[in-house]
Amino acid sequence: MNHASAALSHLSDALLEEFFKADYAQQKKRHRRQKWVAALAVAACLCLVVTGTALTLGRLDYHLFLASCGAYPGQIVDGDYYYFVPHRGVMRYTPGGGIERMVHTFWVDDWQVNEYGVYYDSGRSLYVFAHESGQRQLLYTASWTDTTHIAFSLRSEREVIVTCYNKHDQTFYQVILDGVSGEILLTTATLRYSDYKYEHSHYTVGQREIVLFPSIKDDDPYSDVYLILTENGVPLLPEGLLVSKYSAVWYGESLWFSTRQTDREEYGSVTYVILSPDGTTELVTLPDERYSGGDGEYLFYPIVDQGLVGCVEVATGQTWALTSDVPCDDLHDLVSDGKYLYTTAPWTDTQTVWRVIRDEGGAPTALQQVAEDIAGH
């Protein structure tokens, strides 16, 4: 072999070596990229599985890294008690009857009940489970373009107020629906988070239309909380006597508000205004207690540190503690229609049922335990 052939052969070998080195490096880089892509795919799949599992567990009331809540009070409608049990859903207890699940917990974000049915929201949609038909009906779904989440409240058997929030813009608008057909009766303008909501300012008591208006006073820090109570645009209370927009509560068919006198402070007692469907407006002053159940003639309140239920006679303001056949160990909140009383506490899952015992004059005197726990744990 001459020098030229040898040089050519050497150059060819060098080129082949460089080619194989470059090809090996390229293959190695491609293999490394494929490993990263595979690893990212596995991580994405795991992320989806974990996220999906967490969301599913959350829908079933198993919240990762969060402490679980105990029982909280339900609602009494037509003598039946509706309450929520974690991991199970919205339940109905009928005194003298049994326990029935109305809506599974997976579908419920929040719920309320009236004479027509159990209303509940899931995501951006509102549903009703009708008592009579036993059927579920979709009433409303908020637009995803201007709504991030919703809330709702029941104004009457025929009206539901849906609040459509946009958390990005800190705004909301409200939709008033027919609670049976889902027909849209009114849509409000878009408001800021700090503005008044419709359900905090408009009430119907029988045929009476009650509206609360703000009392704007620069020197009063509570002017956005205590409002002027009106009917047909006419103030119902003496000047300076305002009602709390967050205090509205129904006892029987009457609507109650707690009041505040702007020119004086009261301690140890609270004056309430009672609006009845017959057109009467009454003021009563009662001891300052956490009233949370009753029939309008007698109201009940928890005496937590003693494990007792207190009672007040509305007509006189006289109070006393009810006796019980067994201790009320888990007592923090209560609900009552005057016939039965239900006690709960945030540190336990139990829902306890009591029968209200009255004397010959009709005054409540004692509690008789009917069921120690209807939560079914």
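I began with the aromatic rings of this predicted model, and noted that ring pairs join Tyr251, Trp256, Tyr272, Tyr291 and Tyr301 into a cluster.

I then looked up how many aromatic pairs the structure holds, and the count came to 14. The pair I took up next is that of Tyr93 and Tyr342, which is edge-to-face, with 6.2 Å from centre to centre and 80 degrees between the planes. I checked where the two residues lie and found that this pair links distant parts of the chain, since Tyr93 belongs to strand E3 (residues 89-93) and Tyr342 to strand E28 (residues 340-344), 249 residues apart. On looking up their exposure, I found both Tyr93 and Tyr342 buried.

My next entry concerns Tyr203 and Phe257, an aromatic pair that is also edge-to-face, at 5.3 Å centre to centre and with 85 degrees between the planes. This pair, too, links distant parts of the chain, with Tyr203 in strand E14 (residues 202-205) and Phe257 in strand E20 (residues 254-261), 54 residues apart. For exposure I applied the cut-off of under 20% relative accessible area: Tyr203 has 10% and therefore counts as buried, and Phe257 has 0%, so I entered Phe257 as buried as well.

Last, I looked for charged groups over rings. I found Arg136 lying over the face of Trp107, at 5.8 Å from the ring centre, and I also recorded that the charged end of Arg260 sits over the ring of Tyr226, 5.3 Å from its centre.

Terms used. Residues are numbered from 1 along each chain as its sequence is written. This is a predicted model: local features need pLDDT of at least 70, side-chain atom pairs count only at pLDDT 80 or more; totals for chains, interfaces and linings use all residues. Side-chain values use heavy atoms; hydrogens and water are left out. Rings of Phe, Tyr and Trp (its six-membered ring) pair if their centres lie within 6.5 Å; planes under 30 degrees apart count as stacked, over 60 as edge-to-face and the rest as tilted. Helices (H or I, at least four residues) and strands (E, at least two) are DSSP runs, numbered from the N terminus. Buried means under 20% relative accessible area, exposed over 50%, partly exposed in between (1.4 Å probe, protein chains only). A charge sits over a ring if NZ of Lys or CZ of Arg is within 6 Å of the ring centre and within 35 degrees of the ring normal.
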